[in-house]
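The following exercises are to be worked with the sequence and the 3D structure at hand. Each task is followed by a solution in steps.

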Amino acid sequence: MTPSSPDLSLTLTGDRQEIAHVRLRRPAKRNALSDGLILAIRDAFQNLPSSVRVAVISGEGEHFCAGLDLSELSERDASEGVFHSRMWHTALDCVEKGRVPVIAALHGAVVGGGLELASACQIRVADESAFYALPEGTRGIFVGGGGSVRVPRLIGVARMTDMMLTGRVYNATDGERIGLSQYLVPQGQSLEKALELAARIATNAPMTNFALMHALPRIAEQPADHGFFTEALMASIAQSAPEAKERVRAFLEGKAAKVTK
Ligand code: 1HE
């Protein structure tokens, strides 16, 4: 599948083409997300080839992503603004709630809509050059790509409010400390680490990956009693898959890896 914008590339790797690498390729504009690029992200994640079990998203050049393309912001009226924001919601929903887990490989600027994109991924791997900000607050606008829902899930409402009120920028170390990334690696190694994690995730049973992506975040938002019920249903569905039975049998017969430190 060829992406619908020259600013996005999609390559398949792995023995069975099971890893999709989606790359923002607009380095001269710091991978700023134009409407065309957001729609290409939507299309790419909606139409991943059936061989794909996990995806990695990264950015070319010195930065992961500078957020919304501010040059396109100018002439929108209120209703166009709502539709524009809803377009981002649809696109980033395709990233977060698609068929496969997505890992963001971060470096340099992860700001504004770039942080909203990263927040839609299940795992964020940052290198030491990464920094995070929500400059919307100082640009006289508001987040519009799902950031008000997804960023507080990672760092809490208080920290996001502070980022937007004061223009606070978190460096890579503090970003990992507060939960913006789950991994921190030396400069230049975030893509390598993301691909290594992807190779591992691709070996999981697809139903387990699906449950983690789709059930876990929903359970987190349910009242405890509903959460326990959803968990019981999900556990039962996952366990009944033939692949789960094979994997458990393999362990009991000493043929599967033990948990090691
Ligand atoms: C851009 C954008 C952009 C760079 N839209 N053109 N996001 C922001 O407010 C962040 C704005 N960008 C920056 O703060 C900086 O560019 C960076 C820290 C990301 C990188 O700095 P640097 O020194 O490497 O690059 P630069 O010289 O600032 O930019 C290089 C070019 O990219 C330059 O264009 P040129 O034609 O003069 O070469 C910049 O204008 C262009 N560029 N960022 C358009 N964002 C769904 S709602 C989401 C709301 C938001 O995301 S608001 C936050 C937007």
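**Exercise 1.** At roughly what angle do the axes of helix H9 and helix H10 cross?

Solution. The model is a predicted one. Two packed helices are described by the angle between their axes and the distance between the axes. Locate H9 at residues 224-240 and H10 at residues 242-252. Their axes come within 5 Å and cross at roughly 75°. Angles of 65 to 115 degrees count as roughly perpendicular, and H9 and H10 are therefore roughly perpendicular to each other. Next, identify the residues that meet: H9 contributes Ala238, Gln239 and Ser240, while H10 contributes Pro242, Ala244 and Lys245. Sorted by class, this contact of H9 with H10 holds 3 nonpolar, 2 polar and 1 charged residues.

**Exercise 2.** Determine the strand order of the open sheet that contains E5, E7 and E8, and explain which strands stand at its edges.

Solution. The open sheet has 3 strands in the order E5-E7-E8, and the pairing is mixed. Strands E5 (109-111) and E8 (170-171) each have a single partner strand, so both stand at the edges, with one side of each left without a neighbour in the sheet. Now examine one pair: E5 and E7 (residues 131-133) run in the parallel sense and are joined over 3 bridges. Ala109, for instance, has Phe131 in E7 as its bridge partner.

**Exercise 3.** Is Pro6 buried or exposed?

Solution. Pro6 lies in the segment before strand E1 (8-13). Its relative accessibility is 74%. Exposed means over 50%, so Pro6 counts as exposed. Finally, consider Arg26, 20 residues apart from Pro6 along the chain: the C-alpha atoms of these two residues are separated by 8.7 Å.

Terms used
Residues are numbered from 1 along each chain as its sequence is written. This is a predicted model: local features need pLDDT of at least 70, side-chain atom pairs count only at pLDDT 80 or more; totals for chains, interfaces and linings use all residues. Side-chain values use heavy atoms; hydrogens and water are left out. Two strands pair if DSSP finds at least two bridges between them. Helices (H or I, at least four residues) and strands (E, at least two) are DSSP runs, numbered from the N terminus. Buried means under 20% relative accessible area, exposed over 50%, partly exposed in between (1.4 Å probe, protein chains only). Axes are lines fitted to C-alpha atoms, for helices over the stretch in contact, and angles run from 0 to 180 degrees between N-to-C directions. Angles under 35 degrees count as roughly parallel, over 145 as roughly antiparallel, 65 to 115 as roughly perpendicular and the rest as oblique. Contact means heavy atoms within 4.5 Å. Ala, Val, Leu, Ile, Met, Phe, Trp, Tyr, Cys and Pro count as nonpolar, Asp, Glu, Lys and Arg as charged, and the others, Gly among them, as polar.
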